[in-house]
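Open the model in your viewer and keep the selection tool ready. This tour moves from the whole chain to single side chains, saying at each stop what to select and what is to be found there.

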Amino acid sequence: MTGRAWPFLIARGRRRGYSALLVPGFLREHGFLEATATPLDEVPSRAAATPHGVLVWAEHAVTTAEAGGEPRDEYGRPLVLLHGFLCPDGDPVAAPAELTRTRSAALSVYQRFLADEEGFRAERSEPFTIEVTEVARPRVSPPAEPTRPARGLLWAGAGALVTAGAVIAVIGFASAGGDEAPPPPECGRDVVESTITPTVSPATCLRDGRTVQYSLPPSTTPSRR
């Protein structure tokens, strides 16, 4: 697939130290360029992932012709360019041709920088197209929805619970009613309250709302009012 790449340049001058001289135009801050694009150790190029995309860079030792004079700084160190591109659209498929392109752009900017090191301000680059492979991103599956019982089953279960509760309540009331003894009859006029332990079957009746006990032979039945 086709992506975009923005050239950049980091270099020092004869008096001024390393700084970003050409920065991708879409960036708001470019401090990470100087921190990421460091000098290479005997490798033609290097790539690194950054929060803004893949950074690819190479080194180029400036010649006398390119520098328009001595290609060394005031301390005798050679002038070296760290140039490359930033690609936010994926991983670049190939880099050599693109790095040749960024070296040409970097040299033009660097020559303007050498002409006025103290007054030079970083320039912003424009993108060019590049072949990239899309960066794979992890796919997140949506959470599974909990299984919901059918509405008919819910109503059936609720009905069964209500029915069971009603049955239990009826049984409870019936049991409570069966355990309660019937009240004694009203005492007859001829019933005399027993004052001693009866020798025959004891009996009770109600007199003026009070339960009294009296002796009653088995064959005798108290009269009612």
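With the surface of the whole protein displayed, you are looking at an accessible area of about 14900 Å², and 57% of that area belongs to carbon and sulfur atoms. Keep in mind throughout that this is a predicted model. Of the 225 residues in the protein, 31% are buried.

Now switch to a cartoon view, in which the protein shows four helices and 10 strands. If you follow the chain along its sequence, these elements come in the pattern β-β-α-β-β-α-β-β-α-β-β-α-β-β. Contacts often reach across the sequence, for among those between residues at least 6 apart, 58% join residues at least 24 apart.

**Strands β3, β4 and β5**

Select residues 53–61, which make up strand β4, and you will find that seven of its nine residues are buried. Add residues 46–50, which form strand β3, and you can see that β3 and β4 pair in the antiparallel sense over five bridges. The two strands form a hairpin with two residues between them, and Thr50 stands opposite Gly53 in β4.

Next, add residues 80–87, which are strand β5; β4 and β5 run antiparallel and are joined by eight bridges. Which residue of β5 is the bridge partner of Leu55? The partner is Leu86, a residue that you will meet again at the next stop.

**Phe8 and its surroundings**

Select Phe8, which is found in strand β1. Is Phe8 buried or exposed? Its relative accessible area is 0%, so Phe8 counts as buried. Draw a distance between the C-alpha atoms of Phe8 and Leu86, and you should read 7.4 Å, although the two residues are 78 residues apart along the chain. When neighbours within four places in sequence are left aside, the contacts of Phe8 include Leu22, Pro24, Leu33, Leu55, Trp57, Phe85 and Leu86.

**Ser19 in the neighbouring selection**

Move on to Ser19, whose place is in strand β2. Because its relative accessibility is 13%, Ser19 counts as buried, the cut-off being under 20%. Not counting residues up to four places away in sequence, Ser19 touches Leu9, Ile10, Ala11 and Glu34.

**The nonpolar cores**

In soluble globular proteins, nonpolar side chains tend to be buried together. To look at this here, show the side chains of Leu9, Leu21, Leu81 and Tyr110, which are the residues with the most contacts inside the largest nonpolar core, a set of 15 residues. Strands β1 (2–11) and β2 (19–24) and helix α3 (96–115) each supply at least two residues of this core, and the largest share, six residues, comes from α3.

Centre the view on Leu21, which, apart from residues up to four places away in sequence, touches Leu9, Ala11, Arg16, Val109, Tyr110, Phe113, Phe120, Ala122 and Glu123. Apart from this core lies another, of 13 residues, among them Ala20, Phe32, Leu40 and Leu82.

**Helix α3**

Select α3 alone and compare its two end C-alpha atoms, which are 29 Å apart; at 1.5 Å a residue, its 20 residues should span 28 Å, so the two values agree. Colour the buried residues of the helix, including Leu99, Thr102, Ala106, Val109, Tyr110 and Phe113. An α-helix has 3.6 residues a turn, so residues three or four places apart point the same way.

**The aromatic pairs**

For the last stop, show the aromatic rings, among which there are four pairs. One of them joins Phe85 and Phe128 in an edge-to-face arrangement, with 6.2 Å from centre to centre and 75° between the planes. Since Phe85 lies in strand β5 and Phe128 in strand β8 (residues 128–133), the pair ties together parts that are 43 residues apart in sequence. Phe85 has a relative accessible area of 0% and is buried, while Phe128, at 6% relative accessibility, counts as buried too.

Then turn to Phe113 and Phe120, whose ring centres are 5.6 Å apart and whose planes stand at 80°, so this pair is also edge-to-face. Both Phe113 and Phe120 are buried. Finally, add Tyr110 to the selection, and you will have the cluster into which ring pairs link Tyr110, Phe113 and Phe120.

Definitions and conventions:
Residues are numbered from 1 along each chain as its sequence is written. This is a predicted model: local features need pLDDT of at least 70, side-chain atom pairs count only at pLDDT 80 or more; totals for chains, interfaces and linings use all residues. Side-chain values use heavy atoms; hydrogens and water are left out. Buried means under 20% relative accessible area, exposed over 50%, partly exposed in between (1.4 Å probe, protein chains only). Two strands pair if DSSP finds at least two bridges between them. A nonpolar core is a set of buried Ala, Val, Leu, Ile, Met, Phe, Trp, Tyr and Cys residues joined through side-chain atoms within 4.5 Å. Contact means heavy atoms within 4.5 Å. Accessible areas come from the Shrake-Rupley method with a 1.4 Å probe; for residues, only the protein chains shown count as cover. Rings of Phe, Tyr and Trp (its six-membered ring) pair if their centres lie within 6.5 Å; planes under 30 degrees apart count as stacked, over 60 as edge-to-face and the rest as tilted. The expected span of a helix is 1.5 Å times one less than its number of residues.
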